[in-house]
Amino acid sequence: PARDPNWVSFIEFHRFLSLDEALDIFQITYPITKEYYENTDWIMTFEDGSGDGYGISALNEGSSTAPIVFQFEGDGVSTVFESLTQMMRTMVACFETGVFTMGEDGDLETDFFKLGEVAHSLNPGIHYWDKYTSYSKLK
């Protein structure tokens, strides 16, 4: 299939939403999210086309940064990065270490276990990535 030239992503399968798109998605999905998930104080910023994605969460009291969450249907909403800055640092480190590569078709490909290892090393207080470090110890 032909690639959509408007689909630009530095996270496999996820595209950055404009503010208008993010607000539209929030308004549509908030009632559903509130019904099924405990963590609802966030707004989607990177979306995968099927409703899952990364979002900026509300500030925790006493914090100067907002954590980044990941919603994956069936797994709920999990905190995955300490802040947007740490998410960007993690993405840069992933490109630098070969976690992300360009496939033969020109699409971004990801080694998700290596992503987990890099993310865990740069976001040590985030337990979401623990399963990836456990996996790497088994290899």
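Here are a few exercises, with worked solutions, on the predicted model shown above.

**Exercise 1. Get an overview: find how many helices and strands the protein has, and in what pattern they come.**

Start by counting: there are 4 helices and 7 strands. Next, walk along the sequence, and you'll meet them as β-α-β-β-β-β-α-β-β-α-α. Then look at how the chain is packed: of the 139 residues, 35% count as buried. The accessible surface comes to about 8800 Å², and carbon and sulfur atoms account for 56% of that. Finally, take the contacts between residues at least 6 apart in sequence: 40% of these join residues at least 24 apart.

**Exercise 2. Work out whether Ser57 is buried or exposed, and what surrounds it.**

First, place the residue: Ser57 sits in strand β3, which covers residues 53-57. Now check its relative accessibility, which is 12%. The cut-off for buried is under 20%, so Ser57 counts as buried.

Then see who's around. Skipping neighbours within four places in sequence, Ser57 is in contact with Asn39, Asp41, Trp42, Ala66, Pro67 and Val69. Asp41 deserves a second look: the side chain of Ser57 reaches its backbone oxygen at 3.4 Å.

Last, try a distance. Leu84 is 27 residues from Ser57 in sequence, and in space the two are 9.8 Å apart, C-alpha to C-alpha.

**Exercise 3. Compare the reach of helix α1 with the expected span, then find where α1 bends.**

Begin with the helix itself: α1 runs over residues 19-36, which makes 18 residues. From first C-alpha to last, α1 reaches 24 Å. At 1.5 Å a residue you'd expect 26 Å, so the two values are close.

Now look for the bend. You'll find one of about 50° at Thr29 in α1. Keep reading past Thr29 and, within four residues, you come to a proline, Pro31.

Definitions and conventions
Residues numbered from 1 in each chain as written. Predicted model: local features only at pLDDT ≥ 70, side-chain atom pairs only at ≥ 80, totals over all residues. Heavy atoms only, no water. Helix = DSSP H or I, 4+ residues; strand = E, 2+ residues; numbered from the N terminus. Buried < 20%, exposed > 50% of the residue type's maximum accessible area, 1.4 Å probe, protein only. Polar contact = N/O pair within 3.5 Å; in protein donor to acceptor, adjacent residues only side chain to side chain. Contact = heavy atoms within 4.5 Å. Bend = angle between axes of the 7 residues up to and from the residue. Areas by Shrake-Rupley, 256 points an atom, 1.4 Å probe, with all protein chains shown as cover.
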